[in-house]
There are 2 protein chains.
Amino acid sequence: MKDQLRAYLDGFLKLEGEAADEIDSKFYTKQYPRSSFLAVEGEITKEVHFLIKGCCRFFHKKNNRAITHWFSFENTFTTSLRSFTTQTPCEEYIQAIEECTVLSLKHQDLMRMYDKHKQWERLGRLVMEDFSRRMLDRVTALQNLTAKQRYIMLLQSEPRIIQRIPLNLVSSYLGISGETLSRVRSEIRI
Amino acid sequence: MKDQLRAYLDGFLKLEGEAADEIDSKFYTKQYPRSSFLAVEGEITKEVHFLIKGCCRFFHKKNNRAITHWFSFENTFTTSLRSFTTQTPCEEYIQAIEECTVLSLKHQDLMRMYDKHKQWERLGRLVMEDFSRRMLDRVTALQNLTAKQRYIMLLQSEPRIIQRIPLNLVSSYLGISGETLSRVRSEIRI
DNA sequence: AGCATTTTTTGATATATGTCAAAAAAATAT
DNA sequence: ATATTTTTTTGACATATATCAAAAAATGCT
């Protein structure tokens, strides 16, 4: 399981020596049952999770409705970014859509790793750069695209979202109603 | 001018010793006239600019239309993130809306600063974390908000965009037509 | 397997927003 | 200051999408 994390991190940077040992000593396994929460509004997020298996939905409440704004899958870090990085109360919820196996790391441990190892500091930068690029893509996808275009784009760029996530959550993520998504899909199937 | 950059960076981390000296030795001043381009599609972005004065618009072309997806103002780093961080051809344009004075830094110099100074590596991480948080806000603003809500939200969170940027560019940024923005504004003025 | 719950689809209707065109206003350059 | 260009506003109309309601289908649970 740690090997899966190592393989992911190797994509950014090969950790060596003591910096590499931190993976063994500081990450620990957790299990989240389907529908359970990895983060809830109001609590300060103390851990970042690396998703080994399963997928999650990120959402916030707006006028009593849940708006899904992100999904995470295997081999990604999953945490409430703002709450974790600034250690302020969380403004969103993270919920397991499938049962999740994660490797978790405490905020204070990560801070110590950043202090102690230049390699981890760099890893942190590279992971954040990668995240930023993906967020830029998401902005482009939300801006100036019709419902059908958004769906087609998602189908091409993130097919697993459509395969594994209930469509009413996908529609919220795309910023369209569930009914519209259903109609868009029926048009495309023809 | 360098003091303005130093003050900005101090907000993230106080640079000391040789790491601080890099500000004097590696950043250099440039001037971009109104309407000139800081980045164009197809070219690899070799510099990151710290905006001392002026503002810029980021846009990409889609079906012969320009879609504005970001604005930058004084005291922010301005560059094509994907092109600069991955050193691949740029997919967007960055254009000076007002005449811009910038402090520029070459990619290769930044990479050396990252290698040489742990402090710069950390600064890079913190700047990227900050950027990521702002992008998250932008996604929330684009998703599931009506034209009027988007405008009101922008008015509250980024009034200078409305004050200094032509409205037809603002409307593109909000993902709505210029006509709709004009109507939304007239409703609100009452 | 069968029951309860959730999700998806379909139809009818209301509404928000886009598009096109033209006038008005504002900004820019000479 | 004037002419030119750009930006904003306004009106008419078309269209995409939301909403509400109900049926159908799928899924999860014991």
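This passage looks at how chains A and B meet, and at what surrounds DNA strand D, in a predicted model.

Start with the protein–protein contact. Chain A and chain B put in 35 residues each, and about 3,400 Å² gets buried between them, with carbon and sulfur atoms giving 60% of that area. On the chain A side, K118(A), R125(A) and Q143(A) supply 18% of what the chain buries against chain B, more than any other three residues. R125(A) also turns up in a salt bridge with E121(B), where the closest N and O atoms are 2.5 Å apart. Across the interface there are 10 salt bridges, and the count of residue pairs in polar contact comes to 25. As for secondary structure, β4, β5, α3, α4, α5 and α8 of chain A each give two or more residues to the side that touches chain B. The largest share there, 17 residues, comes from α5(A). By class, that side of chain A splits into 11 nonpolar, 13 polar and 11 charged residues.

Now for the DNA. Strand D has 17 residues around it, and those that come nearest are A147(A), T180(A), L167(B), N168(B) and R183(B). Phosphate oxygens of strand D feature in several of these approaches: one lies 2.7 Å from a backbone N or O atom of A147(A), one is 2.5 Å from a side-chain N or O atom of T180(A), and one is 2.6 Å from a polar backbone atom of L167(B). Of the strand D atoms within 4 Å of the protein, 53% belong to sugar or phosphate, and the rest to bases. α9 of chain A, plus α8 and α9 of chain B, each supply at least two residues of this surface, with α9(B) giving the largest share, 4 residues. The surface near strand D has 4 nonpolar, 6 polar and 7 charged residues.

Definitions and conventions
Residues are numbered from 1 along each chain as its sequence is written. Chains are lettered from A and ligands numbered from 1 in the order in which they are written. This is a predicted model: local features need pLDDT of at least 70, side-chain atom pairs count only at pLDDT 80 or more; totals for chains, interfaces and linings use all residues. Side-chain values use heavy atoms; hydrogens and water are left out. Contact means heavy atoms within 4.5 Å. Buried area is the accessible area (1.4 Å probe) that two parts lose on being put together, summed over both. A salt bridge is a side-chain nitrogen of Lys or Arg within 4 Å of a carboxyl oxygen of Asp or Glu. A polar contact is a pair of N or O atoms within 3.5 Å; within protein, one must be able to donate a hydrogen and the other to accept it, and residues adjacent in sequence count only if both atoms are side-chain atoms. Ala, Val, Leu, Ile, Met, Phe, Trp, Tyr, Cys and Pro count as nonpolar, Asp, Glu, Lys and Arg as charged, and the others, Gly among them, as polar. A residue is near a molecule or strand if one of its heavy atoms lies within 4 Å of it.
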